[in-house]
Amino acid sequence: MDTSPSTETGKPEPRNKTISNPYIHRLQRRHFLLFDILPIAGMAAAVAFTWIRPFGVLEFTLLFTMWLLTGLGVTVGYHRLFTHRTFQAAPAVVAVLAVLGSMSGQGSVISWVALHRRHHEYSDREGDPHSPNLSGSGLRGAVRGLAHSHFLWMRRHEYPNIVHYAPDLIKDRRLVRVARLYNWWVALGLLLPAVAGGLISMSWTGAVSGLLWGGFARIFILEHIVWAINSFLHMFGTRPYESRENSHNGGVFALVTLGESWHNNHHAFPESPSFGLDWYRLDPGYWLIRGLAATGLAWDLKVPTAARIASKRIA
């Protein structure tokens, strides 16, 4: 059993895996409103602003660039490096990935890691923060489960104890500093496309359009891509490998998810930096890791052997 420091009796007491209190829940509601609800309004504003400035090359470039950078920050940084330690990286790479992941507006790096590690521990069982399979049977249960896992769970949930789930991260001073500045990184992720849009177009409409498309719309789109993996890919798709939970692959979405949609592969081999596992399965996140490794900026890639992969394949 996991234990915390000894009490006055000299006996260790059990360490709580989660924390649930009014203060935590207030923070969760605030984050939900600012970083989950507000981007919806931002997306709507971006569409409405096309009446003033049509969506063009500038808007697409800022949207795509910011989506790609922050998306790689989540899949390569938050997920594959910090949560699962599937490879090691140079300090500069660690810092850049942590900042880019923070700009996504999906939570600070330490909180995100703790939540995802708990998800793997209890995946599709009681204790999973966002399983779609625990809300009853039939169509009504499926709809309620999808709504919960895709979006609603973030309003209020038990907060994973970072001392239990992320002790390695809270010992890393660089990551702790990045985590403490989380709100500022999100703001920077909004400011950069606004400034770029204004300077490139030399107009206030370009600045506003950059803020809306490269900032709020980008956060909205990336969030729903990530949330769809938690929700739909725990109910639908293919299952080529044995895993104790209900994870599935959605290969048709491999590019737009930067490789995350090989979700059954990931749950079967969580230690692997490659989610596609085979070269012909598109996995942009792994392409970046391989590129970093080729330049000496990443190493110790824990790709499973062919024998281990074969041992878990469902006949």
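This report walks through the salt bridges, aromatic contacts and one helix of a predicted model.

**Salt bridges**

The count here comes to 9 salt bridges. Three of them are set out below.

| Pair | Closest N to O distance |
|---|---|
| R85 and D168 | 3.3 Å |
| D168 and R117 | 2.9 Å |
| D278 and R281 | 2.2 Å |

Take R85 and D168, which pair up through a salt bridge. R85 sits in the loop between α2 (57-83) and β4 (88-89), while D168 belongs to helix α7 (residues 167-170), so this contact ties together parts that are 83 residues apart in sequence. D168 also meets R117 in a salt bridge. R117 is in helix α4 (residues 109-122) and D168 in α7, so here the parts tied together are 51 residues apart in sequence. Put together, R85, R117 and D168 make up a network of salt bridges.

How exposed are the members of that network? R85 is partly exposed, at 31% relative accessible area, and D168 is partly exposed too, at 28%. R117 has a relative accessibility of 16%, so it falls under the 20% cut-off and counts as buried.

In the D278 and R281 pair, D278 is partly exposed at 26% relative accessibility, whereas R281 is buried at 16%.

**Rings and charges**

R281 has another contact to look at: its charged end sits over the ring of W262, 5.7 Å from the ring centre. R80 does something similar with F275, its charged end lying over that ring at 3.8 Å from the centre.

As for rings meeting rings, the structure holds 11 aromatic pairs. One of them is W279 with Y280: the ring centres are 5.7 Å apart and the planes stand at 90°, so the pair is edge-to-face. W279 is exposed, with 77% relative accessible area, and Y280 is partly exposed at 49%. Elsewhere, F32, F151 and W227 come together as one aromatic cluster.

**Helix α10**

Now for α10, which covers residues 204-231. At 1.5 Å a residue, its 28 residues should span 40 Å, and the end C-alpha atoms are 39 Å apart, which agrees. Where does α10 bend? The bend is at R218, and it is about 35°. Of the 28 residues in α10, 20 are buried, so the helix is largely enclosed by the rest of the structure.

Definitions and conventions
Residues are numbered from 1 along each chain as its sequence is written. This is a predicted model: local features need pLDDT of at least 70, side-chain atom pairs count only at pLDDT 80 or more; totals for chains, interfaces and linings use all residues. Side-chain values use heavy atoms; hydrogens and water are left out. Rings of Phe, Tyr and Trp (its six-membered ring) pair if their centres lie within 6.5 Å; planes under 30 degrees apart count as stacked, over 60 as edge-to-face and the rest as tilted. Buried means under 20% relative accessible area, exposed over 50%, partly exposed in between (1.4 Å probe, protein chains only). A charge sits over a ring if NZ of Lys or CZ of Arg is within 6 Å of the ring centre and within 35 degrees of the ring normal. Helices (H or I, at least four residues) and strands (E, at least two) are DSSP runs, numbered from the N terminus. The expected span of a helix is 1.5 Å times one less than its number of residues. The bend at a residue is the angle between axes fitted to the seven residues ending there and the seven starting there. A salt bridge is a side-chain nitrogen of Lys or Arg within 4 Å of a carboxyl oxygen of Asp or Glu.
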